[in-house]
Amino acid sequence: MRGLGSKGLAAGCVLVGVVLGVAVVSLVWLPYDPADTSGGRLVPPGGEHLLGTDKLGRDLLTQLMIGARIALVAGGGSVLLGGVLGVLAGLAAGFATRWLDDALAAALDALIAFPTLLLAMLVVAVRQASLGSAVLAIGLAMSAVVARLTRILVKRVLAQDYITAARTSGSSWPRIIAEHVLPNIWPTLLVNLALQLGLAVLAEASLSYLGLGPPPPNASWGRLLHEAQATVLTAPVGAIAPGVLLVVLVVGVNLVADGLRDLAPGRSR
Amino acid sequence: MTGEKPMVPDRSPAPGIPAEPAALLDVDGLSVRRADGHELLRGVSFTLAPGERLGLIGESGSGKSLTALAVLGLLPAGLSAHGSVLLAGTQIVGARDRRLDRVRGRTVSAVFQEPLTALDPLMRIGRQLAGPIRRRRGLRGAALRAAVSTALDEVRLPERVAGAYPHEISGGQRQRAALAMALACEPDLLIADEPTTALDVTVQAEVLALLNGLVSGRSMALLLIGHDLAVVADVTDRLAVLERGSLVETGRAEDIVREPRHPYTRALVESAEAFEAEFDRLAP
């Protein structure tokens, strides 16, 4: 499995790298202005428009490139928010007294049982549909999963003799957390966060597909899919292209997560 | 079992009765209770003078390790200590973490049973050793590295072990590294909780001899916990016998081995003798 794992890691890095490269390029160069509709509606691929245009006449490649940026920001932002909130809550629960720990665990289970889409709709109802709202909703939902994992990992580490030994040698709690707890839970957390990144990208696409993501003219892949739905038989590229890019990014992220898991210390023992 | 919690619900500190200067450790009427009131340790009292070696023996579940944890102020959550544990004049029972952190690693340190989990799996041995040395002696840089290799040398570990992770060295080496960590703090009292139980017999003898030599070389007091009467009596001056949470007999090691008074101690001695006899019969 190890050989396959490192090949998978390499393949995953290539796939994620492609999307990342496209997103970076989109910051400095785009084939057309995203609002440019001069090319005519539903132009087929080839010629001046490499992938054709959509039903409003906008260049599809331009939209996809901007979409890569949105997908990465949504995924990365959600993981950052969910990771920070989740690890802090998980640490608190892991160290808490029994009743507080029970209360936190119950709250986390309730939050995890709550569908992400429903939570997102609530957030959008309170705020407006935007990239920030999507990140907030996805990040909050993710933080519960991360917190539950962190809590269990912290408890497992705290039960080890080396923690007792560190306390016996007079280490304070902040030092023990920094030197022993975080390094020991970090590998597992990192793999989980990588998996969560893939899920977050999919979640943002779903929200955008439902119109709960960043509003037009921000071309999220999910919204491109939604807009291409009506013309899928006459102009299939408009639906296929964002779908393929989503698959590339999510599969790439998952391969990276798998590869990281195989590399994580402690697995080889 | 969950880990130790930062906030141990304990009583407020008992009034600071100054210890008699003779005793390094003065345990008086120590009881440990579960949250439901069940007593796991009942009124245990003993003292330990500086440089003295006391063996605490009893079978599994008799409260040996609990006694050690109570002395260190490290009882698991849900257990509470009552009575008095004076360690170099500091009351441990009910003390706050901040005060305990000052006592632990200076006055007292400990080695535990399981060498596999006693070391952080993701930290090189050298760095783990450096932590207590830096805190205790304030060494940095080259002086710290020199102190680490001296500490490894004292427990007869080659210097390359400093760069190894715990899974790269054997169980006996790990236990010696744990011993080096405990000794690096230069404590007045070393608590060794079944330090050789998880090791095989030949390694056990080595580690025990090493422990013995290092403790006597530093005139350190030793609280050695074990269930093997022969092993413990060999290293210690005095013995205390625990049975189901109560201290049933204390006295000089050779007296107890020669004429045990309590029936439980007698049973321990007889089983040790039966083992010896069987051993002699098989290998005369």
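How far apart are the end C-alpha atoms of residues 232–257 of chain A, and how much of the span is helix? The ends lie 33 Å apart, with 81% of the span in helix and 0% in strand. Keep in mind as you look around that this is a predicted model.

That stretch has company. In the UniProt record, an unreviewed entry, "transmembrane region" is the annotation given to residues 9–32, 66–91, 103–125, 131–150, 189–212 and 232–257 of chain A. Take residues 189–212 of chain A as another one to trace on screen: here the chain is 88% helix and 0% strand, and 29 Å separates the C-alpha atoms at the two ends.

Now zoom out to chain A as a whole. Its secondary structure amounts to nine helices and zero strands, so if you walk along from the N terminus you simply read α-α-α-α-α-α-α-α-α. Measured out along the principal axes, the C-alpha atoms of chain A fill a box of roughly 75 × 45 × 30 Å. Chain A has 269 residues, and 46% of them count as buried. As for how the chain meets itself, take the contacts with a separation of 6 or more: 71% of these in chain A join residues 24 or more positions apart.

How much does the predictor trust this chain? The average pLDDT of chain A is 87, and 96% of the residues score at least 70. Within chain A, helix α2 (residues 60–95) has the highest confidence, at a mean of 93, while helix α4 (residues 116–126) has the lowest, at 85.

Next, slide over to where the two chains meet. Chain B brings 31 residues to the contact and chain A brings 24 residues. On the side of chain B that touches chain A, the elements giving two or more residues are α2 (97–103), β6 (108–111), α3 (125–137) and α5 (171–184) of chain B. Sorted by class, that side of chain B has 16 nonpolar, six polar and nine charged residues.

Finally, stay in chain B and pick out Arg42(B), which sits in strand β2 (residues 39–48) of chain B. Is Arg42(B) buried or exposed? It falls in between: Arg42(B) counts as partly exposed because it has 16 C-beta neighbours inside 10 Å, whereas a buried label would take 20 or more and an exposed one 12 or fewer. Leaving aside residues up to four places away in sequence, Arg42(B) touches Ser31(B), Gly245(B) and Ser246(B). The pairing with Ser246(B) is a nice one to check: the two residues are 204 apart along the chain, yet their C-alpha atoms are separated by 5.3 Å.

Note on methods. Residues are numbered from 1 along each chain as its sequence is written. Chains are lettered from A and ligands numbered from 1 in the order in which they are written. This is a predicted model: local features need pLDDT of at least 70, side-chain atom pairs count only at pLDDT 80 or more; totals for chains, interfaces and linings use all residues. UniProt positions are given in the numbering used here, feature names are shortened, and annotations may be inferred rather than shown by experiment. Helices (H or I, at least four residues) and strands (E, at least two) are DSSP runs, numbered from the N terminus. Two residues are in contact if their C-beta atoms, placed from the backbone, lie within 7 Å. Ala, Val, Leu, Ile, Met, Phe, Trp, Tyr, Cys and Pro count as nonpolar, Asp, Glu, Lys and Arg as charged, and the others, Gly among them, as polar. pLDDT is the predictor's confidence in each residue, from 0 to 100.
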